[in-house]
Amino acid sequence: NNNFVINGNAKEIWISAIVTNDEESLIYEKFRAEDLPVTLGVWEIQKELNTKANAKDTAGTAALKDASTALRRKNQQLRVQYIDKYPAAFSSILMLQGLFLVLPVDILDKKFKALDENYKSSQTAKNLGIKIQNNKNTAIGQPAVTFVQNSFDGTSVDLAAMKGKVVLLDFWGSWCVPCRQSHPKLKEVYEKYKSLGFEIVGISNEAVSRGKSKEQQDAAWRKAIAEDAIQWPNVLYDADLNDIVKSYDIMGYPTKYLIDQKGNIVSKILGNSPNNHDILIKKLDELLVKK
C-alpha cells in the first residue's frame, strides 16, 4: 500500500531503479544493488554460452559454466545473509522460497522458524511451511507416505501392504516426454528384479493439463499405459481422492522414490538420465542382491 516509481528499460527490467519511501522495499533495494553485478555477470555468461551453443562451439564452455556456477553460489550466499539479517522482512520469505531447491531441508526449516511471526499468517508463508514439512516427511530415511488407490486394472494398490518389498514410486505423466522415455529401461529393471521382491508403482499426474476433465485425464493415462506396455501397478493422481503429489512434494517429472523393505525412503531420483538409471540399479543391487 505504497507508491512506487520504476524507471528502466523493459528489455533490461532487472536493472530498473525503484523509487519509493516504503521501508521494507528500501532495505531490499540495498540488497539488489549488491546483488546486481552478480546477476549481470550470470546473464553475460549465459549469452556467451548461448552464442557458442548456436555455433556448435564447445571450446571454453567448461570454464564459462564454472564461472556461472560460482556467481550463482555468490547470489545464493547473499540471499542467505539477507534472510538472516532481516527475518522480519516479507522479502525474506520470498528469498527463502527461491532457495527451496538449494538449501538442505533442515536448514530451510531452521531459517523458516526464525522468520518474524508478522508474516507467518500470509498465504505465501503458509505454502512455504507446508512445502518444507512435506520435504521433511519425504527425506531419505523417513517412512514412505502410504496411500491406497485403485490401479488401472481395478486392483487395489496399498503401499503399506507392500512392506517387505523394495518399491519404486514413479511420478510421471502421459504428456511428459522424459517420463515416457524412461519406461523401456524401467521395464528391463522390472523384469530383472521383480522375482527378487521388487515392485514399481506408477503415479500419473494428468491434472497438469488444464481444461481436461477427469474423464479426459483418465483416457490419456490409459492410452499411455497401453502404448508403453506398462505391466506394473499404476494409479491416476486425483487430489480429491489423495493428494499424493503434494504429500511427496513433487516439483518436476519424472521423480522417483525408492523405498526399502522396511518402508523407508532410501533414494530420490529426479529426471531421466543414464546416470540416474545407474544409481537405481546400484541401489537395487544393494537392497536385493548383495546380502
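# A chat about the sheet, its helices and a few odd residues

Guide: In this predicted model, β5 is mostly covered, with 7 of its 7 residues buried.

Visitor: Which residues of β5 sit on each side, then?

Guide: Val166, Leu168, Asp170 and Trp172 are on one side. Val167, Leu169 and Phe171 are on the other. Both faces are covered, and those residues are all buried.

Visitor: Why do residues split between two faces like that?

Guide: In a regular strand, side chains alternate between the two faces of the sheet.

Visitor: What's the strand order in the sheet?

Guide: The order is β7-β6-β5-β8-β9. The sheet is open, has 5 strands, and its pairing is mixed.

Visitor: Which ones are the edge strands?

Guide: β7, residues 234-236, and β9, residues 265-270. Each of them pairs on one side only.

Visitor: How many degrees are neighbouring strands turned against each other?

Guide: 15° on average, ignoring direction.

Visitor: Back to β5. Do β5 and β6 run parallel or antiparallel?

Guide: Parallel, with 7 bridges joining β5 to β6. Val166 has Phe198 as its bridge partner in β6. Further along, Asp170 stands opposite Gly202 of β6.

Visitor: And β5 with β8, parallel or antiparallel?

Guide: Antiparallel. There, 5 bridges link β5, residues 166-172, to β8, residues 255-259. Phe171 is opposite Thr255 in β8.

Visitor: Why call β6 largely enclosed?

Guide: Because 7 of the 7 residues of β6 are buried, the rest of the structure largely encloses this strand. Phe198, Ile200, Gly202 and Ser204 are buried on one side of β6. Glu199, Val201 and Ile203 are buried on the other.

Visitor: Which strands does helix α6 lie across?

Guide: Helix α6, residues 177-193, lies across β5, β6 and β8. α6 runs at about 165° to β5.

Visitor: And what does α7 touch?

Guide: α7, residues 214-228, packs on the sheet and touches β5, β6 and β7. The direction of α7 makes about 160° with that of β7.

Visitor: Switching topic. How many disulfides turn up in the whole structure?

Guide: A search of the whole structure finds 1. Cys176 is joined to Cys179, with S to S at 2.2 Å.

Visitor: Is that link right-handed or left-handed?

Guide: The link of Cys176 and Cys179 is right-handed, with 75° about the S-S bond.

Visitor: Are Cys176 and Cys179 buried or exposed?

Guide: Cys176 is buried, and Cys179 is too.

Visitor: Now the helices outside that sheet talk. At what angle do α3 and α5 pack?

Guide: About 35°, with their axes 10 Å apart. α3 spans residues 90-98, and α5 spans 123-137. The crossing of α3 past α5 is left-handed.

Visitor: Which residues meet there?

Guide: From α3, Phe90, Ile93, Leu94, Leu96 and Gln97. From α5, Thr124, Ala125 and Leu128. That contact divides into 6 nonpolar residues, 2 polar and no charged.

Visitor: Which residues of α3 are buried?

Guide: Ser91, Ser92, Ile93, Met95 and Leu96. Their cover includes α1 (23-54), α2 (61-85), α4 (105-114) and α5.

Visitor: Any backbone oddities? What's the peptide bond from Tyr253 to Pro254, cis or trans?

Guide: Cis, with omega near -5°. Pro254 is placed in the loop between α8, residues 244-247, and β8.

Visitor: What about Asp249, where does that lie?

Guide: Asp249 also has its place in the loop between α8 and β8. Asp249 is not a glycine, yet has a positive phi of about 50°.

Visitor: Why does Asp249 count as buried?

Guide: Because its relative accessibility is 7%, and buried means under 20%.

Visitor: And Ala229, where is that found?

Guide: In the loop between α7 and β7. Ala229 has a positive phi of about 55°, although it is not a glycine. Ala229 counts as partly exposed because its relative accessibility is 31%.

Visitor: Last one, the whole chain. How many helices and strands?

Guide: The protein chain has 9 helices and 9 strands. Buried residues make up 41% of its 291 residues. Its C-alpha atoms fill a box of roughly 65 × 50 × 45 Å along the principal axes.

Visitor: And what percentage of contacts join residues at least 24 apart?

Guide: 63%, among contacts between residues at least 6 apart in sequence.

How values were computed
Residues numbered from 1 in each chain as written. Predicted model: local features only at pLDDT ≥ 70, side-chain atom pairs only at ≥ 80, totals over all residues. Heavy atoms only, no water. Pairing = 2+ DSSP bridges. Helix = DSSP H or I, 4+ residues; strand = E, 2+ residues; numbered from the N terminus. Axes fitted to C-alpha atoms, helices over the stretch in contact; angles between N-to-C directions. Contact = heavy atoms within 4.5 Å. Left-handed = near helix turned anticlockwise from the far one by under 90°. Nonpolar A, V, L, I, M, F, W, Y, C, P; charged D, E, K, R; others polar. Disulfide = S-S within 2.5 Å. Buried < 20%, exposed > 50% of the residue type's maximum accessible area, 1.4 Å probe, protein only.
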